[in-house]
Amino acid sequence: MCGIVGYNGTKKAVDILLDGLSKLEYRGYDSAGIAIQDKEIEIFKAKGKLVNLKEKVENKNLLGTCGIGHTRWATHGEPNEINAHPHVSNDGNVTLVHNGIIENYQELTQKLERHNYKLYSETDTEVLTNIIDYYYKKYKLGPIDAINRTMVRVRGSYAIAVMFKEYPDEIWVARKDSPMIIGINEDGTYLASDVPAILKYTKNVYYIDNLEAACLKKDKVTFYDLNGDEIKKELKEIKWDIRAAEKEGYEHFMIKEINEQPDVVKKTINSLINENKIDLSKTGLTSEIINQFKEIYIVACGSAYHVGVCAKYVIEELARIPVVVDIASEFRYRKPILNKDGLVIIISQSGETADSLAALREAKEEGLKTLAIVNVVGSSIAREADYVLYTLAGPEIAVATTKAFSTQLVASYSIAIEFAKVKNTIDNETYVSLINELKVIPDKIDEILKNSTSNIQKIASKFSHIHDAFYIGRCLDYAISLEGSLKLKEISYIHSEAYAAGELKHGTISLIEDETLVIGIATQDDVFEKTISNLVEVKSRGAYVIAITPSDKDVSKVANDIITIPTTNKYFYPSLTVIPLQLISYYITIAKGLDVDKPRNLAKSVTVE
Ligand code: BG6
């Protein structure tokens, strides 16, 4: 999950590369490097965050107008300067940056050693660089032939940008499974792993498909297929606003994105409602198609999986269709028994997560229809799914998702309501009242942000010293507590567990002692009393209880701190309870002085297995 960038034009490449890498650092930030071609190709690499590389090149007066860059999330070889990209072939002929994993790199290493290549790093990428050089020298048919022969020979995932010594002022790229976008404007041509890196320069982009290559010259991009034949590509315009990729005065992207939720949730809901009816026509789903589905499988990773867990409760109760929720890395290998009349829903912010993409392909191979709920237009999962529902969260930069999560939640509610309507499991009155309530969710999120943020900051800042925390709830409250717990873990490095409140007494309650933090979520009427008694159980064992509950409920007897949220329809409470959960994690992490936007060991989208 690295970030790669490239520029070939009339401007100084170093500024554009470093700026682009700073917009991709959420993809990996344990080392970075650039290669600038002027009279010759110069390479600069540094361990650690991008600022170390910036310091290294700031007085170098690099005037070259063609270059490539990389920010790394180590997979092969520890994060250090030698293993950092760009990598160079033995005689300097080929210089390359790579995002992905070469699975058969050991076998290729032996091949190279048989041909007297010497490797200086522990990386699969250096192997890839020399394999391109090997074919380049063996067949002497130029860059496209060498790259295509390499694509046939290597196994794994890759997005690469390559510079050949004998082809100055050209950048060659190719991809398979790892994301890449190519941009163009009057100042030159650009490449990047993700939109925010080039949005400042152009909105005009090409989408390069799997096993395709391209040559970026200063004024044009030429695309090739695996036979080396030229192929035409349509230039598309990106709808995103550059400001979305900036902090705009907020201290961190995460708190900015938390505060963007009322706006992006409203945009997403409005894109799914037409004349006060749910309208899924943009996805390609029709009532006839919906009616065919007898079962639903939701497959995703990380927080997107937690949206799936929430969606299961809502879809099953409203539409009375069985829903199976799976972690993508399990789904793709556990040989699930799939009903041919099933719909597989893949949820992914980036649309590039490798396990989710593989699960999509698995489902298609099994002959099932697939619906992707994604946030990135033109992403691999969006391009390969049968039906696509785009969430409108805009670029999400902070590694820990917040606004994309909230847009995925309302998207899944819309699916539940429409499936229930088509399957006739709800009457029109219920249908209309659900839509009317859905439309005011953004205002209620806004209300929480305006009225409760400072109180939540006060409460959360008391817990920067803790080592453990528990999140409990029942039914939909349990489902959303999973996300609350992950949010705390991923950014504050505090161990926490989410537990079905009724399950606690079957073991884990033994961990509850004086001052153990327990965050209880209690919104669901039909299990409210039960949840309260579970909070009494932990309180009586010394726990410090923070309760998140609607304003019409009284939890004062069991809670040390109470965070009230507006009332809403029972199915929509995850959209409201997740806000305090996000803020608690954010403010505890801030109180610990940690890098909230780029937590250690994580990356925004995991494009390798
Ligand atoms: C992780 C991110 O890498 O991937 C999480 O840190 C995210 O925030 C998970 O939920 C899944 O990513 P995506 O893009 O498939 O939703």
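The shell around the ligand divides by class into 5 nonpolar, 7 polar and 1 charged residues. The model is a predicted one, and the ligand is a convenient place to enter it.

In total, 13 residues surround the ligand, and Ser348, Gln349, Ser350, Thr353 and Ala603 are the closest. Among the structural elements, H9 gives the most to this shell, with 3 residues. Oxygen atoms of the ligand take part in several short contacts. The side chain of Thr353 places an N or O atom 2.5 Å from a ligand oxygen, and the side chain of Ser348 does so at 2.6 Å. With Gln349 the contact is to the backbone, where an N or O atom lies 2.7 Å from an oxygen atom of the ligand. The ligand taken alone exposes 390 Å², and the protein buries 93% of that.

Where does the ligand sit? The site is the second largest pocket. That pocket has a volume of about 560 Å³. Its lining is made up of 26 residues, and Cys301, Gly302, Ser303, Lys604 and Val606 are those nearest the centre. Four elements supply at least two lining residues each: helix H9 (302-319), strand E20 (342-348), helix H11 (354-365) and helix H16 (476-492). Gly302 and Ser303, both close to the pocket centre, fall within the range of H9. Ser348, one of the residues closest to the ligand, is at the end of the range given for E20. By class, the lining of this pocket has 11 nonpolar, 11 polar and 4 charged residues.

The largest pocket is a separate entry in the list, with a volume of about 720 Å³. It is lined by 31 residues, and those closest to its centre are Ile238, Lys239, Trp240, Val377 and Gly394. Strand E11 (204-207), strand E15 (236-237) and helix H7 (261-270) are the elements that give two or more residues to this lining. H7 accounts for the largest share, which is 3 residues. The class composition of the lining is 13 nonpolar, 4 polar and 14 charged residues. For the second largest pocket, the corresponding charged count is 4.

Besides the open pockets there are enclosed spaces. How many cavities of 30 Å³ or more are counted? The count is 4. The largest cavity has a volume of about 220 Å³. Its lining holds 23 residues, with Ser193, Asp194, Val195, Glu352 and Val376 nearest the centre. These 23 residues divide into 11 nonpolar, 6 polar and 6 charged.

The second largest cavity has a volume of about 70 Å³. Its lining consists of Cys2, Arg72, Trp73, Ala74, Thr75, His76, His85, His98, Gly100, Thr123, Asp124 and Thr125. Strand E6 (94-102) and helix H4 (124-139) each supply at least two of these residues. His98 and Gly100 are in the lining and fall within the range of E6; Asp124 and Thr125 are also in the lining and fall within the range of H4. By class, the lining has 3 nonpolar, 7 polar and 2 charged residues.

One of the residues lining that cavity, His85, also takes part in a backbone feature. A cis peptide bond joins His85 to Pro86, with omega at about 5°. Pro86 is placed in the loop between strand E4 (66-72) and strand E5 (87-88). A second backbone feature is found at Asp169, which is not a glycine but has a positive phi of about 60°. Asp169 also belongs to a loop, the one between strand E7 (156-164) and strand E8 (171-176). Both features are worth listing because most residues other than glycine have a negative phi, and most peptide bonds are trans.

Notes
Residues are numbered from 1 along each chain as its sequence is written. This is a predicted model: local features need pLDDT of at least 70, side-chain atom pairs count only at pLDDT 80 or more; totals for chains, interfaces and linings use all residues. Side-chain values use heavy atoms; hydrogens and water are left out. On a 1 Å grid over the protein atoms alone, a cavity is a set of points where a 1.4 Å probe fits but cannot get out, and a pocket is an open set with protein on both sides within 12 Å along at least five of seven lines; lining residues have an atom within 4 Å of a point. Grid points are joined across faces, edges and corners, and a volume is the space filled by probe spheres set on the points. Ala, Val, Leu, Ile, Met, Phe, Trp, Tyr, Cys and Pro count as nonpolar, Asp, Glu, Lys and Arg as charged, and the others, Gly among them, as polar. A residue is near a molecule or strand if one of its heavy atoms lies within 4 Å of it. A polar contact is a pair of N or O atoms within 3.5 Å; within protein, one must be able to donate a hydrogen and the other to accept it, and residues adjacent in sequence count only if both atoms are side-chain atoms. Accessible areas come from the Shrake-Rupley method with a 1.4 Å probe; for residues, only the protein chains shown count as cover. A molecule sits in a cavity or pocket if more than half of its atoms lie within 2 Å of its grid points.
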